[in-house]
Amino acid sequence: MRRKLKVFVVLSVLSLATLQRAFALDALVTKQGKVLYGTVIQDQGRVVITYDDGVTEEMGADSVDDVSLFVPPTRKDVARKGNFEVVDGLSVSTPIDMNKFRRAMLLALSAHRWVVDEERPGELYCRLSKGASWWVTIRICYTPSGYWYEYLDSKNLDANPVKNKIHRNYPRWIQILEREMIKLY
């Protein structure tokens, strides 16, 4: 009886996130500025991460900067099915190696003059522009189960999501990014 009471007290004190971290979960670990994705188990001062390819790495808790739950990005609600607002990436088979995908996409972006404005786990916020005359911003989302490109905003590209209209070069820019990323993945 006493044992159950202790468990109840412990459970009431711990947050849901702490409980989730006590078990295997999809998470990211930052170690010396490098983000590692995989299944993480925290246990008695050590962190064990299992990568998508099955390789396991054990680290001391003091060598890890942060362990946090990987919350996959949510897809944007589109004005019309099949329009330019969300373009599915179809070239990389699942499960996607998150670190490898990120690295390939960053190289592809820089090779084609895209600028990464912000980076979050599983998300890259990017901009392509020609001075002040026009620009477009997109969000590239990636999870172990897939990836996609989301249109966010633009200037002088005549974007109209309801009518599924945008400058004719926009789909080509996404295709160029996709081809370059595939070469590098």
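Hi everyone. Let me start with a definition: a residue is buried here when its relative accessible area is under 20%, and exposed when it is over 50%, with partly exposed in between. By that cut-off tyrosine 170, at 1% relative accessibility, counts as buried. Please keep in mind that we are looking at a predicted model.

Tyrosine 170 is a good way into the aromatic side chains. How many aromatic pairs does the structure hold? There are eight. In one of them, tyrosine 170 meets phenylalanine 84: the ring centres are 6.1 Å apart and the planes stand at 80 degrees, so this pair is edge-to-face. Now look at where the two partners come from. Phenylalanine 84 belongs to the loop between strand 5 (66-69) and strand 6 (86-88), while tyrosine 170 is in helix 4 (residues 169-184), so the pair links distant parts of the chain, 86 residues apart. Phenylalanine 84 is buried too, with a relative accessible area of 6%.

Helix 4 also takes part in a second pair. Tryptophan 173 of helix 4 joins tryptophan 134, which is in strand 9 (residues 134-143), and again distant parts of the chain are linked, here 39 residues apart. Is this pair stacked or edge-to-face? The two tryptophans are stacked, with 5.0 Å from centre to centre and 10 degrees between the planes. Both partners fall under the 20% cut-off: tryptophan 134 is buried at 17%, and tryptophan 173 is buried at 11%.

Beyond pairs, there is a cluster to point out. Phe101, Tyr142, Tyr147, Tyr149 and Tyr185 form one aromatic cluster. Tyr185 has a charged neighbour as well: lysine 100 lies over the face of its ring, at 4.7 Å from the ring centre. A similar arrangement involves arginine 75, placed over the face of tryptophan 148 at 5.0 Å from the ring centre.

Phe101 brings us to helix 3. Which residues of helix 3 are buried? They are Met98, Asn99, Phe101, Ala104, Met105, Ala108 and Leu109. We can also check the length of this helix. With 14 residues at 1.5 Å a residue, the expected span is 20 Å, and the end C-alpha atoms are 20 Å apart, so the two values agree. At the start of helix 3, a side-chain oxygen of aspartate 97 comes to within 3.2 Å of the backbone nitrogen of asparagine 99. After the helix comes arginine 113, with a positive phi near 65 degrees.

That leads to the backbone, for those of you who like torsion angles. Most residues other than glycine have a negative phi, and most peptide bonds are trans, which is why exceptions deserve a look. Two asparagines have a positive phi: asparagine 156 has a value near 60 degrees, and asparagine 164 is also near 60 degrees. Asparagine 156 is found in the loop between strand 10 (146-155) and helix 4, and asparagine 164 is in that loop as well. Their accessibility can be read from the cut-offs: asparagine 156 is exposed at 53%, whereas asparagine 164 is partly exposed at 27%.

Last, the peptide bonds. Where is there a cis bond? The bond from threonine 94 to proline 95 is cis, with omega near 0 degrees. Proline 95 has its place in the loop between strand 6 and helix 3 (98-111).

Thanks for listening, and I'm happy to go back to any of these spots on the screen.

Definitions and conventions:
Residues are numbered from 1 along each chain as its sequence is written. This is a predicted model: local features need pLDDT of at least 70, side-chain atom pairs count only at pLDDT 80 or more; totals for chains, interfaces and linings use all residues. Side-chain values use heavy atoms; hydrogens and water are left out. Rings of Phe, Tyr and Trp (its six-membered ring) pair if their centres lie within 6.5 Å; planes under 30 degrees apart count as stacked, over 60 as edge-to-face and the rest as tilted. Helices (H or I, at least four residues) and strands (E, at least two) are DSSP runs, numbered from the N terminus. Buried means under 20% relative accessible area, exposed over 50%, partly exposed in between (1.4 Å probe, protein chains only). A charge sits over a ring if NZ of Lys or CZ of Arg is within 6 Å of the ring centre and within 35 degrees of the ring normal. The expected span of a helix is 1.5 Å times one less than its number of residues. A polar contact is a pair of N or O atoms within 3.5 Å; within protein, one must be able to donate a hydrogen and the other to accept it, and residues adjacent in sequence count only if both atoms are side-chain atoms.
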